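Visitor: I'm new to this structure and would like a close look at one part of it, the open sheet. Could you walk me through that part and then show me what surrounds it?

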Amino acid sequence: MTRLVASILCAAFAVIAGAGAASAMTIEKIVSPSGIEAWLVREKAVPLVTLNYAFHGGATQDEANKSGTANLAADLLDEGAGDLDGKTFHERLESHAIELGFQVGRDYIHGSLRSLNEYRDEAFDLLRLALSSPRFDADAIERIRRQELAGLQRDTTNPNDLASRRWWQTAFPDHPYGRETRGTLETLPRVTADDLRSYVRRVFARNELKISIVGDIDARTAGALIDRAFGALPAKNDLKSVANATPSGLGRRIVINVDVPQAVVTFGGQGIARQDPDFMAAYIVNHILGGGSFSSRLYREVREKRGLAYGVSDSLVWFRSAALVLGGTATRADRTADALAVIEQEIKRMADGGPTPDELAAAKSFLKGSYALTLDTSGKIATQLTQIQIDNLGIDYIQRRGALIDAVTIDDAKRVASRLYGGGMLVTVAGRPKGLTSSESTE
Amino acid sequence: MPQLEAEADAVVAQVIAKGVTEDELERTKTRLIADAVYAQDNQASMARWYGTALTTGASVNDVRHWPDRIRAVTADQVRDAARQWLDKRRSVTGYLIKDVSPQVEKRS
């Protein structure tokens, strides 16, 4: 019922706004002439096309002593390709208002493209060049590497980065997930043009490619454009395998001393796999504990009742080879210990007793009603469709999602709360938190 | 810093003296018109677009025909506008520099 109301509301928005991005949409599975599959949403209201795609093989493919390779490669894809040097390539994008982006995650490299319909052939041609013949010119590499190094240098005094990096290093020692996607001041200078070429050659292939297209475009044209951009890529990728992992260091607290007025806290533990039958129950329970809303338990106890932080939240994070619950906050140095105590107490209260039936009902209603609001642009829809493909949830997932949420009972929620929050958390704190020390000696 | 400022001033002076090239004009028009199309892809930015127009004295029609008006702009008009409005005497420059004064905690 709520889902029905939500889609009617969205249709109304669409009419008022003249844009139909969030109106009830039909997702079509299409196959290009060369055999590449993609999901397509035809949206005729606006004369543009949005593409989102992902190749399996992100920062996990970096050599341990050359972390940041994939990220640097992605930064350089639009810095010259084929016959076009970086400046010319950027001019071609700019003069046609084509938006081309690449983003490296741990497991995947994601790409996006947005173009007016009138320039979409040019857009997909430029994408083909970027994917199949990036130049990696020496001057471009050094320019972008300097940019990245300047950012990494800044991060060495940024408490957010310090807390986060230490969390990942501690949770996943000797595992690719423990390494920073952007690399470090030590590893990034080691990356060579050959490393960048090797990354592109091994990862950009057709076999584990997920593609989503949203826009004013029919299936035949979309198929032709897909082949234009991706058709010439190798049939099969050549990836290093990544071992399954669970986070280490649960129960530990690590304080990183850095001279900043606020202390930043990162906390996290074992999460739940996306394909786990209990995932949706866990998703709801986590929303109640610390999901982004202003009514979560953590938000109420840490911010509203005690004024210890401006924000506090946690979320489920899932990868191909690990699953986490991960959260954070930032507090005054003299109240960090208090904030952390409240967070730990709320996690334990949730593990022990689960949510109340009222909390469960409110969370279900929110999560069903707000979903359509997160799909309000063609870019967001395309991104979500790619994620649904990566997570292997099926083309009807958006229709089924409401029923999956409704099916979660209070008993499910309590059982999953205990499973999710009963295992302890690894906590990293960066700053000068008064009265708070590492649970074992570090620095 | 003074060098950066001088370079920026030189670019402004160049536009005032010589105007912009056809290439620059076309590229900019494409981008501005694309922005109007891309804005329609996002209900929030569309609402903001209309809201800003209506609260600053423009009409719904002005928003609708904005791309046509952008299309009609000539290089000479750009140069004339630069001459009229890019006057250094009415410019303000802000500098973010290292703070040397004592810290006072402010709360908002």
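Guide: Let's get our bearings with the whole chain before we zoom in. In this predicted model, chain A has 15 helices and 13 strands. Its radius of gyration is 23 Å, close to the 22 Å that the globule rule gives for 443 residues, so chain A is as compact as a globular protein of that length. Picture its C-alpha atoms in a box of roughly 60 × 55 × 35 Å along the principal axes. Of the 443 residues, 49% count as buried. Contacts also reach across the sequence: among those in chain A between residues at least 6 apart, 82% join residues at least 24 apart.

Now for the sheet you asked about. Five strands of chain A make up this open sheet, and reading across you meet β9, β13, β10, β12 and β11, in that order, with mixed pairing. At the edges sit β9 (253-257) and β11 (309-318), each of which pairs on one side only. Going from strand to neighbouring strand, the turn is 15 degrees on average, direction ignored.

Zoom in on one pair inside the sheet. Strand β10 of chain A, residues 262-270, runs antiparallel to β12 of chain A, residues 323-332, and nine bridges link the two. To spot one of these partnerships, find A:F267: its bridge partner in β12(A) is A:G327. Then look for helix α9 of chain A, residues 279-290, which lies across β11 and β12 and runs at about 170 degrees to β11(A).

From the sheet, let's move on to the nonpolar cores. The largest has 67 residues, and the members touching the most others are A:A73, A:L126, A:L127 and A:I213. Helix α4 of chain A (residues 120-132) supplies the largest share of this core, seven residues. Another core, of 59 residues, lies apart from that one and includes A:A322, A:V342, A:L360 and A:A430. As a general point, nonpolar side chains tend to be buried together in soluble globular proteins.

If you'd like to follow a single residue, try A:I213. Leaving out residues up to four places away in sequence, A:I213 touches A:A38, A:L40, A:V49, A:L51, A:A222 and A:A382.

Last stop: the place where the chains meet. Here 16 residues of chain A and 11 of chain B take part in the contact. On the chain B side, the elements giving two or more residues are α2 (22-39) and α3 (43-55), and α2(B) gives the largest share, six residues. By type, the chain B side divides into four nonpolar, four polar and three charged residues.

Conventions: Residues numbered from 1 in each chain as written. Chains lettered and ligands numbered in written order. Predicted model: local features only at pLDDT ≥ 70, side-chain atom pairs only at ≥ 80, totals over all residues. Pairing = 2+ DSSP bridges. Helix = DSSP H or I, 4+ residues; strand = E, 2+ residues; numbered from the N terminus. Axes fitted to C-alpha atoms, helices over the stretch in contact; angles between N-to-C directions. Contact = placed C-beta atoms within 7 Å. Core = buried A, V, L, I, M, F, W, Y, C linked by C-beta atoms within 7 Å. Buried ≥ 20, exposed ≤ 12 C-beta atoms within 10 Å, placed from the backbone. Nonpolar A, V, L, I, M, F, W, Y, C, P; charged D, E, K, R; others polar. Rg over C-alpha atoms; globule rule 2.2 N^0.38 Å.
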